[in-house]
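Q: Please take a close look at the salt bridges of this model, and say where the paired side chains sit and how covered they are.

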There are 2 protein chains.
Amino acid sequence: MLENKEINRTNLAELGEFGLIKRLTKAIKLVQKSSVKGVGDDAAVLNHKDNQTLVTTDLLIEGIHFDLSFMPLKHLGYKAVMVNLSDVYAMNGKATQITVSMAVSNRFSLEAIEDLYAGIHLACKAYQVDLVGGDTTSSTKGLLISITAIGEAKAEDIVYRNGAKTNDLLVVTGDLGAAYLGLQILEREKQVFEVNPNSQPDLDQYAYLIERQLKPEARRDIVKLFKDLKVKPTAMIDISDGLASETIHICQQSKVGCRLYE
Amino acid sequence: MLENKEINRTNLAELGEFGLIKRLTKAIKLVQKSSVKGVGDDAAVLNHKDNQTLVTTDLLIEGIHFDLSFMPLKHLGYKAVMVNLSDVYAMNGKATQITVSMAVSNRFSLEAIEDLYAGIHLACKAYQVDLVGGDTTSSTKGLLISITAIGEAKAEDIVYRNGAKTNDLLVVTGDLGAAYLGLQILEREKQVFEVNPNSQPDLDQYAYLIERQLKPEARRDIVKLFKDLKVKPTAMIDISDGLASETIHICQQSKVGCRLYE
């Protein structure tokens with residue numbers, strides 16, 4: 001039976017911007033020592049002391065980066081944080097804070113936005129990252145999320161794209177293509193559903209692939225592994241566009257060539 | 001005579017994302033000592049040493065925050081930077097870096113986006129701020145800009161919203177309402193133009209008001225003034241929603257009341 005989602009629907013207009021921000025940020029508890037001041041002033045205040053500060057930002061737009069017909073909002077919030085933290089870990093750093101800006105059209109209810117934030121808060125908790133600021137506004141169409149992630153690292157620990165040397169080994173973490181296969185399955189099932197809305201997809205056998213698409217994890221474990229093994233790679237890059245594209249970035253910046261084996 | 005703007009029109013699709021980023025960032029020269037690494041890696045690297053780091057972010061959306069029928073793209077780029085720097089100055093800090101994320105629909109040409117960036121670069125140059133990162137993507141509708149500004153200040157110099165005391169004097173910088181009047185004039189002239197496209201607006205007498213709307217300046221001079229006068233205010237806030245709204249923020253956070261005189 002399809003759930004009636006209209007029962008618990010609060011219009012965002014009833015709350016206003018400040019009411020919404022209050023609702024979405026009341027659960028925040030700062031856990032990082034470097035978070036001096038979080039949400040609630042003109043700017044957040046951080047203190048990374050003797051470490052250098054890492055800053056990275058990603059923009060996710062409905063209809064371009066995600067499809068809400070099969071992406072639950074809570075998963076979307078989680079994933080939006082992951083793609084940003086991933087860039088900090090790809091510098092061999094520790095992610096410490098994020099800011100979250102969001103624009104929503106009037107088709108979204110308070111409950112929908114709270115689902116989105118539940119995913120963001122869950123990601124922050126799992127990765128010990130503080131949500132310290134953001135901006136909330138209306139959009140003329142759809143949902144968009146802009147997250148900036150901030151991290152820290154000792155200057156000598158940071159790994160750039162430009163350090164690869166001749167005879168270095170090029171390695172990847174995780175399964176390349178799994179998230180893409182997950183997306184293909186979800187898009188196929190969406191087409192089936194559009195033809196026959198009574199069909200129930202059986203996705204059990206694809207659980208792994210779909211999880212890679214809907215709930216990816218950033219590889220904080222790799223940064224810890226390097227530390228434990230006392231290994232510092234010569235170069236690192238976050239894969240977002242695919243192996244070929246990222247390999248070229250490393251090669252160009254490091255002024256080396258490469259050979260890839262399947 | 002109306003200019004034929006189609007003559008120099010390059011489709012963004014011809015360049016691709018990396019080509020576009022290269023075009024838009026080639027002019028960047030880092031001027032802040034704290035900018036260790038700018039555009040070109042997974043994250044920017046900053047070093048604020050003994051200072052604390054300030055982070056603030058604002059999202060500007062076409063049709064909500066700006067109307068391109070009377071807002072030139074270069075002015076928009078400049079203003080988008082100003083509204084962010086303003087938050088850093090409202091903490092009594094020094095703005096040092098920004099990241100710029102942008103989504104554009106296919107109705108924008110390369111030349112249009114270069115105009116937007118010309119305004120962003122001009123603002124960076126005028127305020128000695130480094131553009132150190134961002135994200136560029138396509139949108140399904142219109143233009144949106146998400147900027148994160150980063151600044152620094154000694155811990156003891158930072159001014160929060162919550163320090164106001166009984167008998168403090170509440171003062172404002174600049175003319176409240178001038179930008180709003182400028183907007184009203186521009187919207188009126190837009191309506192006239194829509195009825196009669198041959199009419200040429202005579203805006204000379206409104207130059208001051210229109211400049212407040214189209215090319216506002218962030219009040220870096222006030223931070224310098226306080227420093228020169230060895231004055232540290234008990235509380236400060238950036239006015240974005242209006243005097244009443246911001247006064248309430250200061251009062252609530254500082255646990256004081258206030259009297260306003262016109």
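A: In this predicted model, E189(A) forms a salt bridge with R188(A), and the closest N and O atoms of the pair are 3.5 Å apart. The two partners differ in their cover, because E189(A), with a relative accessible area of 17%, is buried, whereas R188(A), at 40%, is partly exposed.

Elsewhere, salt bridges that share partners join D41(A), D42(A) and R161(B) into one network. Within this network, D41(A) forms a salt bridge with R161(B), for which the closest N and O atoms lie 3.6 Å apart. D41(A) is found in the loop between β1 (35-37) and β2 (44-46) of chain A, while R161(B) is found in the loop between β6 (143-153) and α4 (178-195) of chain B, so the pair joins two chains. Both ends of this link are covered: D41(A) is buried with a relative accessible area of 11%, and R161(B), with 12% relative accessibility, likewise counts as buried.

A further salt bridge is formed by E62(A) with R107(A), where the closest N and O atoms are 2.6 Å apart. Here E62(A) belongs to the loop between β3 (52-61) and α2 (73-89) of chain A and R107(A) to the loop between β4 and α3 (110-127) of chain A, so the pair ties together parts that are 45 residues apart in sequence. E62(A) is buried, its relative accessible area being 16%, but R107(A), at 46% relative accessibility, counts as partly exposed. Over all chains, the structure holds 18 salt bridges, and the pairs described above are among them. As a general point, side chains of opposite charge can pair when their charged atoms come close.

The loop between β6 and α4 of chain A can be considered alongside these pairs, since L176(A) has its place there and G174(A) has its place there too. L176(A) is partly exposed, with a relative accessible area of 43%, and G174(A) is partly exposed as well, at 47%. L176(A) also belongs to a nonpolar patch on the surface, formed together with L170(A), V172(A), I239(A), L243(A) and L260(A), and the patch has about 470 Å² of accessible area in total. G174(A), for its part, is separated from Q213(A) by 39 residues in sequence and by 13 Å in space, taken from C-alpha to C-alpha.

How values were computed: Residues numbered from 1 in each chain as written. Chains lettered and ligands numbered in written order. Predicted model: local features only at pLDDT ≥ 70, side-chain atom pairs only at ≥ 80, totals over all residues. Heavy atoms only, no water. Patch = residues over 30% accessible without salt bridge, like charges linked within 9 Å, V, L, I, M, F, W, Y side chains within 5 Å. Areas by Shrake-Rupley, 256 points an atom, 1.4 Å probe, with all protein chains shown as cover. Salt bridge = Lys/Arg side-chain N within 4 Å of Asp/Glu carboxyl O. Helix = DSSP H or I, 4+ residues; strand = E, 2+ residues; numbered from the N terminus. Buried < 20%, exposed > 50% of the residue type's maximum accessible area, 1.4 Å probe, protein only.
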